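Colleague: Could you take me through the ligand site in this one? I'd like a close look at what holds the ligand's oxygen atoms and what sits around them, and then a quick word on the rest of the chain.

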Amino acid sequence: MMVRDVDHALLRAREAKDAGADLVEYRVDELCSGDEGETEIILGLVQDSPLPCIVTCRPTWEGGACDADDMTRVALFEALGTSDHPPAYIDVELAAYTRSANLRQKVNLAIDHDKQSRDVRTSLILSTHDFDSRPADLTRRVLAMSTEGAAAVHKVAFRARSLRDNLELFDLLGDRTKPMIALGMGEFGLMSRVLAPKFGAFLTFASIHKEETTAPGQPTLRELLDQYRFRSITPETRVYGVIGWPVGHSMSPHIHNAGFEGVGHDGVYLPLPIASGETGQDGAYESFKATLLAMIDHRALDLSGASVTIPHKEHLARLAREQGWAIDAMSERCAAANTVTIERDEGRLAVSVSNTDAPAAAACLNEALAGLTGKRVAIVGAGGVARAIGAGVSALGARVLIVNRTPERATALSESIGPDVCDVLTMDELAESPPDAIVNATPVGMAGGPAPDQSPVPGSVLDACPPGTAVFDTIYTPIDTPMLLAARERGLPTIDGVDMFVRQAALQFEGWTGKAAPTGLFERIISEHLA
Ligand code: NAP
């Protein structure tokens with residue numbers, strides 16, 4: 001934590017202890033101007049700390065806030081190392097430590113190491129950071145650290161430019177010569193923070209409160225311990241996640257992690273952002289392909305499954321065809337897939353790809369209509385979700401009616417589902433000949449969407465529907481959309497987007513774990529999040 005006020009820092013440290021932290025880092029960058037009073041304050045903070053601590057005074061040239069010169073910082077380290085209540089660790093930047101023999105000598109006098117003759121107990125974390133990118137001389141920096149015998153822990157942190165940078169951090173941990181911290185900063189680096197115990201990292205950092213992070217991309221302690229179950233992660237833990245862009249607000253990590261805990265599956269599920277890229281569709285495909293293949297090939301990572309969402313569902317089906325992976329009939333029909341399952345059997349890799357959106361939506365309607373054979377299902381919209389629902393319900397014997405703002409897209413979708421089982425209609429035609437079910441597969445009615453207060457289906461169409469016509473909205477933010485509220489006012493049965501979301505997640509979960517998904521738990525978590 002960044003220390004500005006000692007009482008506040010101690011309060012936060014007590015909170016961290018109560019929440020389950022082992023160690024606390026005090027960033028004293030702003031309390032190090034060489035003033036003796038400030039040094040006394042820092043010594044007092046360490047003395048009263050409820051947890052063993054790391055004291056870090058990060059200079060501005062390494063991304064910190066301390067603009068004092070190196071000798072001022074060294075005076076602080078000496079005072080800390082030789083005090084009656086020393087910190088467990090001080091963190092000193094590799095660049096400062098290696099460029100000044102004087103600084104190195106003084107730091108070494110204040111820390112515990114093989115050649116130390118004084119009775120000092122503080123250990124040295126030698127660190128290197130890059131807040132912009134992966135440093136071009138990363139290998140040289142790691143090598144330089146390994147030659148500094150007085151360091152107890154090596155720390156490498158840089159801004160991850162993509163998920164692939166995490167893999168290099170995991171390899172650094174695999175080759176470590178001393179206890180090591182290897183972290184990716186920013187949203188692409190979360191994986192390295194959460195999976196630290198899988199790769200034997202010395203520690204990971206978490207903030208007590210979201211707004212008090214000391215590095216970009218840091219999770220909170222609660223997220224780390226409760227959502228990702230950090231304490232239960234071991235080298236054997238399997239890795240799963242949701243691949244998409246953006247994925248920061250996905251509910252999938254909440255439900256799958258809780259589900260793994262519920263059924264006793266040794267797995268952790270992460271957000272796995274793969275940018276859509278600025279180089280068009282093909283650029284997005286290439287970065288999806290390179291990242292997913294690199295993660296699958298990384299043996300120690302043990303990526304065992306992934307949910308795939310916008311904008312990569314079509315990319316997954318394309319990659320599966322290119323790689324010759326097993327692909328299910330629904331993914332073939334939709335030319336889009338949302339699930340990867342990776343199995344390794346004595347070194348043999350088997351990757352399979354499936355589409356759980358289509359069977360999930362079809363199951364919602366099949367249940368509501370007590371069977372789909374011969375039923376007429378109207379789908380409003382002609383995008384990816386409309387395609388999956390059309391493929392899913394037509395496979396169970398329903399006739400599909402497409403109603404879409406852009407008629408050409410409706411016709412194209414109808415042709416791909418199969419003109420023999422699919423018609424294109426207008427809203428007026430739908431009102432004249434009401435279907436057995438109406439599905440919203442547009443973002444109309446979605447919070448933050450193009451028309452959050454509107455229903456994509458006019459009241460006149462709902463008025464024309466006989467009792468028992470099922471009204472299904474795929475949107476789940478909010479759960480009660482304008483279309484569902486309008487349907488309920490007319491006494492029509494409704495299906496919400498949470499039902500579909502939970503069913504598609506349950507099919508993924510069952511494919512990965514071989515165990516029944518705790519769907520009640522999934523529903524409860526989603527409702528709590530959306531409330
Ligand atoms: P998409 O591929 O972008 O297609 C969106 C469709 O909605 C297009 O046909 C588009 O019409 C139509 N549309 C967009 N804005 C409209 C407007 N203002 N008025 C009328 N029509 C409009 O999107 P998608 O991937 O199919 O997703 C659609 C919705 O499904 C999402 O908003 C999401 O809420 C929901 N969804 C739910 C789940 C679940 O598990 N419950 C999963 C995924 C998605 P044009 O063809 O004329 O452009």
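Modeller: Let's start at the backbone: a polar main-chain atom of V385 sits 2.8 Å from an oxygen atom of the ligand. Keep in mind that this is a predicted model, and that every distance here is computed from its atoms. Two arginines come in with their side chains. R405 puts a polar side-chain atom 2.9 Å from a ligand oxygen, and for R409 an N or O atom of the side chain is likewise 2.9 Å from an oxygen atom of the ligand. As for cover, the ligand on its own would expose 930 Å², and the protein buries 77% of that.

Now step back to the shell. Two elements each give two or more residues to it, namely α15 (384-395) and α20 (497-513). Of the elements, α20 gives the most, with three residues. V385, whose backbone makes the 2.8 Å approach, falls within the 384-395 range of α15. In total 22 residues surround the ligand, and the closest are A382, V385, T406, R409 and T474. So which classes make up that shell, if you sort it into nonpolar, polar and charged? The split is 12 nonpolar, eight polar and two charged residues.

There is also an enclosed space to look at. Searching the whole structure for cavities of 30 Å³ or more turns up one, with a volume of about 140 Å³. Its lining takes in 14 residues, and those nearest the centre are H129, K155, T214, A215 and Q218. Three strands each supply two or more of the lining residues: β1 (24-27), β5 (153-159) and β6 (180-185). K155, one of the residues nearest the centre, lies in the stretch 153-159 that forms β5. By class, the cavity lining comes out as six nonpolar, three polar and five charged residues. Set that beside the ligand shell, where two residues are charged.

And the wider frame, for your setup: the chain has 531 residues, and 53% of them are buried. Its secondary structure adds up to 21 helices and 18 strands. Along the principal axes, the C-alpha atoms fill a box of roughly 90 × 50 × 40 Å.

If you go back to the site with all that in mind, the oxygen contacts to look at are the V385 backbone, the R405 side chain and the R409 side chain.

Conventions: Residues numbered from 1 in each chain as written. Predicted model: local features only at pLDDT ≥ 70, side-chain atom pairs only at ≥ 80, totals over all residues. Heavy atoms only, no water. 1 Å grid on protein atoms, 1.4 Å probe; cavity = no way out; pocket = protein on both sides within 12 Å on 5 of 7 lines; lining within 4 Å. Points joined across faces, edges and corners; volume = space filled by probe spheres on them. Helix = DSSP H or I, 4+ residues; strand = E, 2+ residues; numbered from the N terminus. Nonpolar A, V, L, I, M, F, W, Y, C, P; charged D, E, K, R; others polar. Near = heavy atom within 4 Å. Polar contact = N/O pair within 3.5 Å; in protein donor to acceptor, adjacent residues only side chain to side chain. Areas by Shrake-Rupley, 256 points an atom, 1.4 Å probe, with all protein chains shown as cover. Buried < 20%, exposed > 50% of the residue type's maximum accessible area, 1.4 Å probe, protein only.
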